[in-house]
Amino acid sequence: MTQRIRSAAFSIYLVTTILVMGIACLPVMLFGRHATRSTVKTWSRLALFGLHQIAGISYNIEGAENMPQRGALIAANHQSMWETIALYALAPKPVMIFKKELKRIPIYGWWASLAGNIAVDRQGGAKALRAMTREVKARADAGEQVIIFPEGTRTPIGETQALQPGVAGIYTAMEAPCTPVAHDSGRFWRHPGGEKVPGVITLRILPAIPAGLDRREFLRLLAARLEDARPDLAPAEATANG
């Protein structure tokens, strides 16, 4: 099976599982957020399974012991759709921050909202920001892990960009530690285009940054840790090899 065919086959698999599970499991929503989130986590694991079986892409976790089990912020670099799926599957009680517009998508939007993910209104100004900070604090207090991609957009392999300062505001509001996560998913799940290249994604879960740091110091430390640990950057490769 050629690479292009495998990529297309996986895309069909991904959409099919969303539609089938999204419709067949609708009654699960009646049982609340915990049951809905468990169903979405099951779908995430199925997506990773299909990615391996169809497209030949697997992953290796380094530092699995660092995955937070209580309320925390998880901040990862962003290269593809893979990390949004993988981190949701791996975190014990994941909460994604996503664009409010995505709530309008049939099936996907229903599940994203009812699973307890946090919709952000980017045009809502200070009022929307205050509402979000209250929400992330409540989630941390409830023992959930809020997942964010502080670059704000996908960054190509081998490149870096400044972190959005909003992540520091979320960190401060949560009053919880932040676990940095670095990976090289873009090597194998290409963006743009969605081409899939067989291989093994490296996912590095780093020791947590403690709560209570100054915003500027937190941003500096988070950026440095992500850059140092990213497998697609030369310093990280050198460290990993020796």
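Start with the largest nonpolar core, a set of buried Ala, Val, Leu, Ile, Met, Phe, Trp, Tyr and Cys residues joined through side-chain atoms within 4.5 Å, where buried means under 20% relative accessible area with a 1.4 Å probe, protein chains only. Select Leu51, Ile74, Trp82, Leu87, Val181 and Trp189: of the 33 residues in this core, these touch the most other members. Two or more residues each come from α1, α2, β2 (72-76), α3 (82-90) and β7 (199-205); helices are DSSP runs of H or I, at least four residues, and strands are runs of E, at least two.

This is a predicted model, in which local features need pLDDT of at least 70 and side-chain atom pairs count only at pLDDT 80 or more, while totals for chains, interfaces and linings use all residues. Residues are numbered from 1 along each chain as its sequence is written, and side-chain values use heavy atoms, without hydrogens and water.

Next, select Leu51 alone. Leaving aside neighbours within four places in sequence, Leu51 is in contact (heavy atoms within 4.5 Å) with Phe10, Gly56, Ile57, Trp82, Trp189 and Lys196. Apart from the largest core lies another, of 26 residues, among them Leu73, Val136, Phe218 and Ala229.

Now show residues 3-24 (α1) and 33-55 (α2), whose axes come within 10 Å and cross at roughly 160°. Axes are lines fitted to C-alpha atoms over the stretch in contact, with angles from 0 to 180 degrees between N-to-C directions. The two helices are therefore roughly antiparallel, a term for angles over 145 degrees.

Last, select α6 (166-174) and α7 (215-229), which pack at about 115° with axes 9 Å apart. Here Val167, Ala168, Gly169, Tyr171 and Thr172 of α6 meet Arg215, Phe218, Leu219 and Leu222 of α7.

Notes:
Angles under 35 degrees count as roughly parallel, over 145 as roughly antiparallel, 65 to 115 as roughly perpendicular and the rest as oblique. Buried means under 20% relative accessible area, exposed over 50%, partly exposed in between (1.4 Å probe, protein chains only).
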